[in-house]
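This report describes a single protein chain, to be read alongside its sequence and coordinates.

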Amino acid sequence: MSKRDYYEILGVSKTATDGEMKVAFRKLAMSYHPDRNPGNAEAELKFKEINEAYQCLSDGQKRAAYDRFGHAAFQQGGPGFGNEFGDFMSDIFDNFFGDGRAGAGGGRGGARGGPARERGADLRYNLEISLEEAFSGKAETIKMATSVTCEVCSGSGAKAGSKPRPCQTCGGYGRVRAAQGFFAIERTCPNCHGRGEVIDDPCSACSGAGRVTRERTLAINVPAGVDDGLRIRLAGEGETGLRGGPAGDLYVFLSIKPHEFFQRDGADLFCRVPISMVTAALSGEITVPVIDGSQTQVRIPAGTQTAKQFRIKGKGMPVLRSRDVGDLYIQVFVETPQNLSKRQRELLQEFDQSASDENHPESAGFFSKVKDFFDGLGGVART
């Protein structure tokens, strides 16, 4: 008996869009679904025929082959549609309406061979380091309490000499299905709570959990150049999984303590240094610290003003996983003398009396502009 035309089965034209075919398929599938037609063999065959047609025409490559060669395109080793009815019944609404079992052991059949193995939780550890340690890198040892596999039962959760048995309610799957009208609902097995197995005689050391809490010591390598907020992932060093499942990961979040001298901006460092009024006026040299523990000299030219920056190349932070290094910027501010003696006051007053605009060009220029501003307001009528 020759097969019917797929377009005719779905009741659409050969120019139908994917959306139009989807609407037609859904309408027909709901009409001929076996749950709505119990014991109706004709409806069951019709339902299978509808599914076969849609599986072909909803696939761009299969549709193109069908349009050109018809049913012959899928003969002689081509993609077949002769699945058993039980298989396609479980697939059709998974593919079209969504897989209600996603995450339950990796999809249909993913957990039927045994109990579900749950991955352990990821853990977080906050580690504070100094700026010097971020500069040079650090080998750190941390201690933390976490779940590890129970040594008594080797993670099975069962007492020595016994073992878990498959759950009778779900057959070891961990989930059960129940028909509710048109749809089949799948939920966690109420008997084994998704484990797929039941422990009649639990291990006394772990109370059947298969894991216990222990303090662990871990070595962490902090690379040079790390920045505040960076996280380091230690794969498999998190919480041990349930019933032999894989362990989670450990994430170490780094924070860098504020430094006494330096402020950081990426790979560059900034250091604010006070200088005396005499040094700023007459020039001189200052000694400043470097993050590597050394010192360097900075020449201050005569007439240096507050906020002047001096760049020291290559004395900043290393760039993570690179050979590049940032720079150190020395920003000076002129310190006003305090607690002056009588003689010091007299000397400053003598200097002030002898000073000219050339000695204070910025202030002289500013107040000259202020005078011009107020002179300009003199001709404006006030209300």
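The sections below go from the overall make-up to individual residues.

## Overall make-up

The model is predicted. The protein has 383 residues, of which 33% count as buried. Its secondary structure consists of nine helices and 15 strands. Among contacts with a separation of 6 or more, 63% are between residues 24 or more positions apart.

## Helix H3

Helix H3 covers residues 41-57, which is 17 residues. From its first C-alpha to its last, H3 reaches 25 Å, close to the 24 Å expected at 1.5 Å a residue. At the start of H3, the backbone nitrogen of Glu42 has a side-chain oxygen of Asn40 within 3.1 Å.

The buried residues of H3 include the nonpolar Ala43, Phe47, Ile50, Ala53 and Leu57. Asn51 and Glu52 are also on the buried list, as are Tyr54 and Cys56.

## Nonpolar cores

The largest nonpolar core has 35 residues. Within this core, the members that touch the most others are Val222, Leu250, Val252, Ile286, Val298, Leu328 and Ile330. Apart from neighbours within four places in sequence, Ile330 is in contact with Cys271, Val273, Val288, Val298, Lys308, Gln309, Phe310 and Ile312. A second core, separate from the largest, has 18 residues, including Leu10, Ala24, Ala29 and Ala53. Ala53 is also one of the buried residues of H3.

## Aromatic rings

The count of aromatic pairs is seven. One of them, Phe366 with Phe367, is edge-to-face, at 5.2 Å centre to centre and 80° between the planes. Phe367 has a relative accessible area of 55%, so Phe367 counts as exposed, the cut-off being over 50%. Elsewhere, ring pairs link Tyr6, Tyr7 and Tyr66 into a cluster.

Two arginines sit over phenylalanine rings. The charged end of Arg124 is 3.7 Å from the ring centre of Phe253. For Arg272, which lies over the face of Phe333, the distance to the ring centre is 4.0 Å.

## Glu239

Glu239 is located in the loop between strand S8 (231-234) and strand S9 (250-256). Is Glu239 buried or exposed? With a relative accessible area of 18%, Glu239 is buried, because the cut-off is under 20%.

The side chain of Glu239 makes a polar contact of 3.5 Å with that of Ser147, and another of 3.4 Å with the side chain of Arg211. Leaving out residues up to four places away in sequence, Glu239 touches Gly120, Ala121, Leu123, Thr146, Ser147, Arg211, Ala247 and Gly248. Ser147 and Arg211, the polar partners, are thus among the residues that Glu239 touches.

Methods:
Residues numbered from 1 in each chain as written. Predicted model: local features only at pLDDT ≥ 70, side-chain atom pairs only at ≥ 80, totals over all residues. Heavy atoms only, no water. Helix = DSSP H or I, 4+ residues; strand = E, 2+ residues; numbered from the N terminus. Expected span 1.5 Å × (residues − 1). Buried < 20%, exposed > 50% of the residue type's maximum accessible area, 1.4 Å probe, protein only. Polar contact = N/O pair within 3.5 Å; in protein donor to acceptor, adjacent residues only side chain to side chain. Core = buried A, V, L, I, M, F, W, Y, C linked by side-chain atoms within 4.5 Å. Contact = heavy atoms within 4.5 Å. Phe/Tyr/Trp six-rings, centres within 6.5 Å; stacked < 30°, edge-to-face > 60°. Lys NZ or Arg CZ within 6 Å of the ring centre and 35° of its normal.
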